Amino acid sequence: MFKAIVSAETLTSALDSVSVLVDECKIHLEEEGLEIRAVDPANVGMVDLSLEAAAFESYEADGGLIGVDLSRLEDIAGMADSGQLIQLELDEETRKLHIQIDGLEYTLALIDPDSIRQEPDIPELDLPARVVLEGKDVNRSVTAADMVSDHIALGVDEGEEFFYVDAEGDTDDVHLELTREDLIDLQVGPAHSLFSLDYLKDMNKAIPGDAEVTLDLGEEFPVKIYFGFAEGLGQVTYMLAPRIQSD
Amino acid sequence: MRLDDYIESLEPDEEAERRRLAKEKSYAITDHLEEFERNFERALSGDSLVGSTAPSIFVGRSSYPDVPIGVLSPVGDEDDAESYVTDGEWYRRGYGIDDVLQRRTGLLNSNKRADVDSPSVASRLAPSVHDAWDGFVGVQREVAIADRPVDLEIGLNDDPDLGLKPGADVATPRGPRASASGAELRENPHVPRPVKKTLEDDDWRAQGAMTYLYRRGFDVYEINSILSAGALGEADQRRLVPTRWSITAVDDTVGQFLRGRIRNAPSIDEVQVRANEYMGNRYWIVLAPGSWEFELVEMKAPGSIWNPNPDDDVWLQSASEGYEGRSSYVEETAGAYYAARLGVLEHLESIGRQAKCLVLREVSDDYWAPVGVWQVRESVRNAFEGVPGEASDPDLERAALAGEYGEAETFHAALDGLAPQLPISAARLRRKSELAAGLQSNLSAFSSPDG
């Protein structure tokens, strides 16, 4: 059983943060809210999303599992204006999702969850550095780096205590330093890793400019990026494997 | 063998010898042109070329979709027509730039303009190339799908434009051209059965049909010609495809097919370096364990054809793809990217493995005329197999190294080992190359406790 009413904005934010990595996903319809975990086919980027029941106007679920084609669901949600409500109801018999937006009814055929890529185990990582910054600073870093290169180095200078972003291109460089004053929080630790901008650009798309974003970093280790949406009732965690410079 | 031993065993003597020969032979082209002119006059009867035979076709790009289409025929060397077809045989025979130019300039391109969608007057009513088997276009298409040269009689409107004037600068050679009034078959062309099958099945999407032909043992050169003539694909999608575009389309399509075949294959388990050298181009191919990733980096020496100023720096171009391939056409390296990628994927598919792969191509100033992307394809393919010229001279010294490779501990150790062989610094390579900067790891590498 699943029946929920949610604002178009909240639903779209949730779907967008997953669809940057995968085309299809499984959605767990838990009593306390929705949960989605997915990894891209190359096993490089992972997303772990939760959206609490309180983020919905109304929410009833009892632990079901559905598989959806994200771009189709996004297209439907895109039919709603940002203030509008979207009503979702699962038909257990036909395995279809009934979606209503102000009189517009759409019946979405679901995908057999078993046919979707297995959900990833989330690696337990001991990441020594933590940087907390505003979403718009993530956006600024990624956008500038993308002008010169296809990859970006994220690191923490332990001595001088700042977070830095480096991008080296064929001819041009981008360098950005954010000190404690520029950041919301900084836990200093040994951290320097290189990441593909293809992935970071996609993840950046899902990060709201005004969100408080936490980056956990290590040396040639994956980065863990997490932020809240829907007034803190939704939580997204990304994990991205680095490009290795030493091997 | 160890990487440093491998590098040492790649003695450059042979290349120096070839360079010397190339200098000596540089007048051969002009002699050849004069001979062509004499042959042409002999073969011309009124305004028709009789007793001609065409091994291949050409579809141009200029003023697309109203493009020049032509049949290519050797004039005065009909008995040897097969050897004028560009394919892997040219590499096996160890053709040099001069040899290629002789064959290119020895092919008369008798051409007419045609619309790629509705090339003949008869098909204007139903605008599709699908059923056009009459007139000049029809003859051209018969030549494209036949598996051996086709005897023709070609009507010409005027004398051919030789393109190359003896003594003039030989920078961008092309063959002689003549405007054709028409062409007629002088025999019933032989068409292989799988080609008939793709020709007749007009519900079959082009990509699937190309892959089918490849799996039935047709090389990309043959598939390219068939695609170019609009002889495969869904009926309403069929059109004439400019030769240059179709070469890339076939390399890309077959490459995607092969990449799919190794998608779930285990990785190779060591870092391997291979080298090849052909026509003033040197290739280094580095394979490293991990999931599929590919990059081509081209280093063009000052004084080579694309970087003509001898005082300029080495020009760099690169393009790469990750595990899932590219979604956009490559901006740099163009067709060479797909040709090199095909060569690597053929090897990986044959051993049932995937790998990360960096191809470094150094273009020296000995590469004084562009011979076409086939040179890249064959050099990379054969870096895994055989040295150029093996077919004509099996005792080549480097033949002993065929199939050999140098081993290195890590990918970056391999690049350090190669650095002294490259025309650019390791730092500059790292700035240009996505793979040299860092190899993409995956999350599972960090899941286990020993990470």
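**Exercise 1. In what sense, and over how many bridges, do strand 5 and strand 7 of chain B pair?**

Step 1. Strand 5 (residues 107-115) of chain B runs parallel to strand 7 (residues 177-185) of chain B, and three bridges join the two; strands here are DSSP runs of E with at least two residues, helices are runs of H or I with at least four residues, and both are numbered from the N terminus. Two strands count as paired if DSSP finds at least two bridges between them.

Step 2. Within this pairing, Ser110(B) has Ala178(B) of strand 7 of chain B opposite it.

Step 3. Strand 7 of chain B also pairs with strand 6 (residues 150-156) of chain B, in the antiparallel sense and over five bridges, and there Leu152(B) has Leu185(B) as its bridge partner.

A note on the model: it is predicted, and local features need pLDDT of at least 70, side-chain atom pairs count only at pLDDT 80 or more, while totals for chains, interfaces and linings use all residues. Residues are numbered from 1 along each chain as its sequence is written, and chains are lettered from A and ligands numbered from 1 in the order in which they are written.

**Exercise 2. Describe the largest nonpolar core and say which residues touch the most other members.**

Step 1. The core holds 112 residues, and Ile285(B), Val286(B) and Val359(B) touch the most other members. A nonpolar core is a set of buried Ala, Val, Leu, Ile, Met, Phe, Trp, Tyr and Cys residues joined through C-beta atoms within 7 Å, where buried means that 20 or more other C-beta atoms lie within 10 Å of the residue's own, with C-beta atoms placed from the backbone.

Step 2. Helix 11 (residues 334-351) of chain B gives the largest share of this core, nine residues, and at least three residues come from each of domain 1 (18-241) and domain 2 (264-438) of chain B, with domain bounds taken from an automatic or database domain assignment.

Step 3. Leaving aside residues up to four places away in sequence, Ile285(B) touches Arg274(B), Val344(B), Cys357(B), Val359(B), Val380(B) and Ala383(B). A second, separate core of 67 residues has Val68(A), Leu154(A), Ala191(A) and Ala206(A) among its members.

**Exercise 3. Work out how domain 1 and domain 2 of chain A meet.**

Step 1. Chain A is divided into domain 1 (2-114) and domain 2 (129-240), and the centres of these two domains, taken over C-alpha atoms, are 28 Å apart.

Step 2. The contact involves 18 residues of domain 1 and 15 residues of domain 2 of chain A; two residues are in contact if their C-beta atoms, placed from the backbone, lie within 7 Å.

Step 3. On the side of domain 1 of chain A that touches domain 2, helix 1 (8-19) and strand 4 (45-52) of chain A each supply at least two residues, and the largest share, eight residues, comes from strand 4 of chain A.

**Exercise 4. How many residues does each chain bring to the contact between chain A and chain B?**

Step 1. Chain A contributes 28 residues and chain B contributes 21 residues.

Step 2. Strand 15 (191-196) and strand 19 (243-244) of chain A each supply at least two residues of the chain A side.

Step 3. Strand 19 of chain A runs antiparallel to strand 14 (residues 439-440) of chain B, with two bridges joining them, and Arg243(A) stands opposite Gln440(B).

Note on methods: A residue is buried if 20 or more other C-beta atoms lie within 10 Å of its own, exposed if 12 or fewer, and partly exposed in between; C-beta atoms are placed from the backbone.
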